[in-house]
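User: Could you take a close look at one helix in this model for me, and tell me what it sits against? I'd like the details in one go.

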Amino acid sequence: MAALKILVIPGSLRSGSHNVKLAAVGAYEFARAGAEVTRISLGDFPLPIYDGDLQARSGVPKNAVNLKRMIASHHGVLLVTPEYNSSVPPLVKNAIDWITRVQDANESRGQGFREKPFAIAAASESRLGGSRALSALRLILSACRATVIPNQFALSFADQAYDDMDRLKNPSDIEAMRALVRQLIEVSQRMM
Ligand SMILES: Cc1cc2nc3c(=O)[nH]c(=O)nc-3n(C[C@H](O)[C@H](O)[C@H](O)COP(=O)(O)O)c2cc1C
């Protein structure tokens with residue numbers, strides 16, 4: 001069987017981001033489980049705020065096309081999002097919106113996520129750990145026809161969660177990430 005390819009996308013660009021750290025922990029666990037991992041930054045795919053006039057004038061930006069191709073070339077995706085005002089931040093939503101505007105030959109619009117297995121996680125300094133952002137993200141991705149796996153991981157009190165090597169300190173947090181990784185691997189292998 002071909003190596004399982006997993007794409008890891010953190011939904012923050014901030015230096016010291018709790019979510020970038022959590023994405024790195026996830027990437028480490030996927031590699032440890034034998035997957036081939038690609039970790040990207042949305043900062044390498046800058047996109048203007050979605051505007052229908054801009055699309056009508058100039059088409060979908062190349063970075064949205066590249067992001068869609070990047071997702072398509074992996075068997076599964078881990079998306080790690082911050083929570084902004086109880087939902088996903090514009091960086092994440094805007095990338096999703098643009099990707100759903102890419103229309104490749106022989107497909108109808110909005111197929112960028114179709115049947116792609118996604119695991120979702122969030123990190124926040126609050127007790128809820130970004131779980132409302134995860135509800136919003138699950139709804140958005142499911143509506144885009146992604147397969148969002150049942151497990152998810154909301155890391156609470158993220159400002160105290162990492163050691164000085166940016167590893168998770170709490171065994172229950174480590175196990176939650178490992179359970180998420182195991183389930184995404186299982187589902188992705190089934191859908192390969
Ligand atoms: C505009 C804005 C809204 C926020 N709203 C929430 C929120 O609803 N719930 C929450 O837990 N944290 C909220 N936060 C705090 C973020 O979760 C926190 O800044 C977090 O560290 C951002 O993720 P990062 O560390 O990966 O950049 C908000 C932050 C900003 C800037």
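**Helix α6 and its surroundings**

Analyst: The buried residues of α6 pack against β1 (5-10), α1 (18-32), β3 (76-81), β4 (117-123) and β5 (147-155). Bear in mind that this is a predicted model. The residues doing that packing are Asp-173, Met-177, Leu-180, Val-181, Gln-183, Leu-184, Ile-185, Val-187 and Ser-188, the buried set of α6. As for the spacing in that list, residues three or four places apart on an α-helix point the same way, because there are 3.6 residues a turn.

Now the helix itself. α6 covers residues 171-191, so 21 residues by the DSSP runs, and its first and last C-alpha atoms are 30 Å apart, close to the 30 Å expected at 1.5 Å a residue. At the N-terminal end there's a cap: Asn-170 puts a side-chain oxygen 2.9 Å from the backbone nitrogen of Ser-172.

Step back into the loop between β5 and α6 and you meet Asp-166. Asp-166 isn't a glycine, yet its phi is positive, near 60°. For context, most residues other than glycine have a negative phi. Asp-166 counts as partly exposed because its relative accessibility is 37%, which falls between the 20% and 50% cut-offs.

Ser-86 is another one to check, with a positive phi of about 70° although it is not a glycine. Ser-86 belongs to the loop between β3 and α4, and β3 is one of the elements that the buried residues of α6 pack against. At 36% relative accessibility, Ser-86 is partly exposed too.

Technical notes:
Residues are numbered from 1 along each chain as its sequence is written. This is a predicted model: local features need pLDDT of at least 70, side-chain atom pairs count only at pLDDT 80 or more; totals for chains, interfaces and linings use all residues. Side-chain values use heavy atoms; hydrogens and water are left out. Helices (H or I, at least four residues) and strands (E, at least two) are DSSP runs, numbered from the N terminus. The expected span of a helix is 1.5 Å times one less than its number of residues. Buried means under 20% relative accessible area, exposed over 50%, partly exposed in between (1.4 Å probe, protein chains only). Contact means heavy atoms within 4.5 Å. A polar contact is a pair of N or O atoms within 3.5 Å; within protein, one must be able to donate a hydrogen and the other to accept it, and residues adjacent in sequence count only if both atoms are side-chain atoms.
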